[in-house]
Amino acid sequence: MPTTILWVAGVLVVLLLALGLSVAHHHKELPPAQERPQLAAGSSSQHVTASQRTATEEPAAEELRAGRRVSPVHEPEAGEGIGDQAGLDALPQDVTADGSTSVSEPASGTVDVPESGLTRLQRLRSRLAHSGAFGKKLLSILSRSDLSSSDWEEFEDTLLMADLGLDATDEVLQNVRTRIQVEGTRDPERITGILRDELLNLVDPTLDRSLNLDPVRGEDGSLHPAAILVVGVNGTGKTTTIGKLARYLVAEDHIVLLGAADTFRAAAADQLQTWGDRVGVDVIRSEKEGADPASVAFDAVKAGKDRGVDVVLVDTAGRLQNKAGLMDELGKIKRVMHKQAPVSEVLLVLDATTGQNGMRQAKIFSEVTGLTGIVLTKLDGTAKGGIVVSVQKELGVPVKFVGLGEGPDDLAPFDPESFVDALVSQS
């Protein structure tokens, strides 16, 4: 019995010694407390969360999505398009079968935001209101106490000097003279009102001055974009006017395509391209010097239909209008465009300062192309503003747009009442 007890006690001692050695070894493997990783104050875990990892490993993600390309999705950079046009399928590089005409897409960069039609009209009204030299002269004559024959002759000469034209001048003279005599008035405000009524009647506010931008049905039975052919002699600001008109149409939420069919003036296509780049509008142009302008115009209309744009604006050559070759060329351009669909508008660009010389130009262009409207440039002074009346009476087509300055948005729809108010303004 004593032997058994001693044996059990020995086993227990051995086990206790082995356990003590194991604990001591484990304690040596642990680092001192100050060498162990410390948790941040208030933390309950050593793991980095998914959101923390995203913030530390992907700091540029939001920046990329804000304005740059994030693979595999392509975010359009500035200048790639404007409005709905950015989502259209790209045109093939070669538009014609022989590869002579190509589409030039806007260069990448900042695209202008054109001024809206409403605000530019308000601004141009304000500018016109400060151009009343013509009206001041007329009203100063009419305000004289006793109007003699020489006074009425001076009144007539003033109207003629403003390029009102012989017939219109005679009509205004007779009507104003009769009304003043019948009413027996010497009141300056009433005389101003009479003169305003007669001039406004000549300008004719009842004419339809809107652009025909409705889709047209071609010979194939399908719908085509509105095609606007723009004509005029060099020096009137024709190509610049097309660029400004494109800006106006873009501001009115239309998708526009430009056709550079002035292939005889070296800088014309480049000038049009610059205007297109500024508002994100593509240009159909020839890669061959002196290419057939009718072919370029045809390709522009075709590309417009294929691409689904709203309006195609076609520039044309403007060499001296008395050259038979130019007139034949313009007639051919219109006929070729018409083979696809009717031309919606033919606009003649006239320099308002050229006076009756501009009238002679207008007559020749009208005979060849069948004008539907006039765009008067350089109308920032009303001394020659009478051409608005004379050109409308002579051609039977309305003035639809006027340019009143050098700025890119200094083109606006013609407002007869604002124009006449400017003519008779005494401010």
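In which sense do strand E8 and strand E9 pair, and over how many bridges? Keep in mind that this is a predicted model. E8 covers residues 345-351, and its pairing with E9 is parallel, over 5 bridges. One contact to look for on the screen is Asp 351, whose bridge partner in E9 is Thr 377.

E9 also pairs with strand E10, residues 399-403. That pairing is parallel too, over 3 bridges. Here Ile 374 has Val 399 of E10 as its bridge partner.

Next, the surroundings of E9. The strand runs over residues 373-377, and 5 of the 5 are buried, so E9 is largely enclosed by the rest of the structure. Buried means under 20% relative accessible area. In a regular strand, side chains alternate between the two faces of the sheet. In E9, Gly 373, Val 375 and Thr 377 lie on one side, Ile 374 and Leu 376 on the other, and all are buried, which leaves both faces covered.

Now a helix, H10, residues 268-279. Its 12 residues at 1.5 Å each should span 16 Å, and the end C-alpha atoms are 18 Å apart, which agrees.

Which residues of H10 are buried? They are Ala 268, Ala 269, Leu 272, Gln 273, Trp 275, Gly 276 and Val 279. Viewed down the helix axis, these buried residues of H10 fall within an arc of 165 degrees, so they line one face. The general reason for such spacing is that an α-helix has 3.6 residues a turn, so residues three or four places apart point the same way.

Last item: Gly 280, just after H10, takes a positive phi of about 75 degrees.

Definitions and conventions
Residues are numbered from 1 along each chain as its sequence is written. This is a predicted model: local features need pLDDT of at least 70, side-chain atom pairs count only at pLDDT 80 or more; totals for chains, interfaces and linings use all residues. Side-chain values use heavy atoms; hydrogens and water are left out. Buried means under 20% relative accessible area, exposed over 50%, partly exposed in between (1.4 Å probe, protein chains only). Helices (H or I, at least four residues) and strands (E, at least two) are DSSP runs, numbered from the N terminus. Two strands pair if DSSP finds at least two bridges between them. The expected span of a helix is 1.5 Å times one less than its number of residues. The arc is that of the directions from the helix axis to the C-beta atoms.
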